[in-house]
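Visitor: I am new to reading protein structures, and I would like to understand the words people use for them. Could you show me one and let me ask about it?

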Amino acid sequence: MNHDDLYLKSVDIIKLNQHLSGGYVACPTFSIYNYSWFRDSAYIAYAMNLAGEYDSAERFHSWAVENINKRELQVRRMINGNLDNYEDILHTRYTLNGDEGSDEWENFQLDGFGVWLWSLYEYIQLSGRVLTESMKKAVKLVSDYLSVLWVKPCYDCWEEYRNEKHIYTMSSIYRGLQSVDKLLNRNSYHGISIQIRDWIINNGVTNGSLCKYEGSDAVDSSLLGVYFPNNVLGNRDPIMRRTVERIQRELYKKGGIHRYTSDTYYGGGIWILLTAWLGIWLVDDGKYLEAAEILDWICSKADINGLLAEQHSESLNDPSFLSYWNEKWGISAKPLLWSHAMYIILYKKLYPDK
Ligand code: BGC
């Protein structure tokens with residue numbers, strides 16, 4: 001499939017898999033992904049904005065706002081009460097109807113709420129539409145929630161390592177709080193966001209480059225997010241540049257990017273969305289040809305119907321884990337809407353006028 005066709009197809013796939021409620025399903029054919037994640041959806045809504053699909057983005061943001069506001073009491077209990085009372089946390093994902101769902105899940109994750117605030121800000125900027133009163137209410141609730149909880153270890157964006165403080169997560173909270181100040185035209189969260197930024201510089205760097213979590217000496221591809229969208233470090237910053245060099249050196253294989261070297265989920269393959277993420281960095285770094293090669297590589301991974309999966313198995317960290325996951329949950333999720341969203345973002349970076 002050529003890259004223009006895959007762009008159009010990606011927009012269609014996202015539209016088709018947006019539930020009537022406004023929630024975006026993470027993957028329609030993979031039953032445990034039959035939920036809307038704040039993290040995935042923040043990027044999906046942003047991609048839809050770039051594609052000019054403001055109604056789709058608005059419907060998702062309204063879904064998010066409704067589901068946050070209806071949990072106002074529990075969020076306030078959390079903010080004002082015992083921070084270890086995990087009963088009252090916001091979940092990282094909800095069913096498309098906005099319920100908790102019955103499966104056990106690693107629900108205590110904070111990054112998705114940070115990037116959601118950023119995505120809402122971008123939606124308002126790009127669409128020129130108004131921030132409604134109920135949006136404002138949800139934005140303040142989530143910001144207060146993040147402002148008190150950022151100090152707590154939580155699951156990372158891969159839903160692992162519960163007891164650590166993750167650098168990508170911290171950067172997402174920083175970005176979310178900065179976005180809210182711009183959205184509300186105030187300075188309410190400036191102090192705390194700067195504190196988080198300083199925390200990242202002081203605790204998130206090992207041997208001159210960013211690390212997966214505080215105290216770790218491993219690198220993780222989600223650290224690309226510290227640059228885009230979270231903008232804690234710019235692309236001229238030596239720490240950020242060394243981090244990306246390390247990602248390219250250690251995690252870039254057979255044309256695609258792994259999450260981290262000891263990842264064993266589905267054997268630890270190469271991820272479409274992460275590869276697109278590297279492409280976004282490359283465009284901003286002026287390396288258009290390399291970024292275009294990545295775009296082509298992603299096109300070559302789309303199936304005959306233009307569907308993109310979560311990951312591919314031609315380069316596995318540990319092949320012995322593949323059959324375990326295949327037997328447990330079936331083959332790797334496809335289509336993964338987040339993969340399509342990152343493709344759209346990269347495509348629009350390379351071809352802003354198309
Ligand atoms: C990934 C998460 C993602 C979820 C839904 C998980 O396997 O680790 O980052 O949010 O799938 O796509």
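**Around the ligand**

Guide: Let's start with Arg-39: one of its polar side-chain atoms lies 3.1 Å from an oxygen atom of the ligand. Keep in mind that this is a predicted model, where local features need pLDDT of at least 70, side-chain atom pairs count only at pLDDT 80 or more, and totals for chains, interfaces and linings use all residues. Residues are numbered from 1 along each chain as its sequence is written, and side-chain values use heavy atoms, with hydrogens and water left out.

Visitor: What makes the pair of Arg-39 and the ligand a polar contact?

Guide: A polar contact with the ligand is a pair of N or O atoms within 3.5 Å. The value for Arg-39 is 3.1 Å, so the pair fits the definition. Tyr-33 has a polar side-chain atom 2.5 Å from a ligand oxygen, and for an N or O atom in the side chain of Asp-40 the distance to a ligand oxygen is 2.6 Å. The protein covers 98% of the 310 Å² of accessible area (Shrake-Rupley method, 1.4 Å probe) that the ligand has on its own.

Visitor: Which residues come nearest to the ligand?

Guide: There are 13 residues around the ligand (a heavy atom within 4 Å of it), and Tyr-33, Arg-39, Asp-40, Cys-157 and Arg-259 come nearest. The shell divides into 8 nonpolar, no polar and 5 charged residues. Asp, Glu, Lys and Arg count as charged; Ala, Val, Leu, Ile, Met, Phe, Trp, Tyr, Cys and Pro as nonpolar; the others, Gly among them, as polar.

**Two asparagines**

Visitor: Why is Asn-207 called exposed?

Guide: Exposed means over 50% relative accessible area, buried under 20%, and partly exposed in between (1.4 Å probe, protein chains only). Asn-207 has 76%, so it is exposed. Asn-231 has 40%, so it is partly exposed.

Visitor: What is notable about phi in Asn-207?

Guide: Asn-207 has a positive phi of about 50° although it is not a glycine. Phi of Asn-231 is also positive, near 55°. Most residues other than glycine have a negative phi.

**Two cis bonds**

Visitor: Which kind of peptide bond joins Phe-228 to Pro-229?

Guide: That bond from Phe-228 to Pro-229 is cis, with omega near 5°. The bond from Lys-334 to Pro-335 is cis too, with omega near -5°. Most peptide bonds are trans.

How values were computed:
A polar contact is a pair of N or O atoms within 3.5 Å; within protein, one must be able to donate a hydrogen and the other to accept it, and residues adjacent in sequence count only if both atoms are side-chain atoms.
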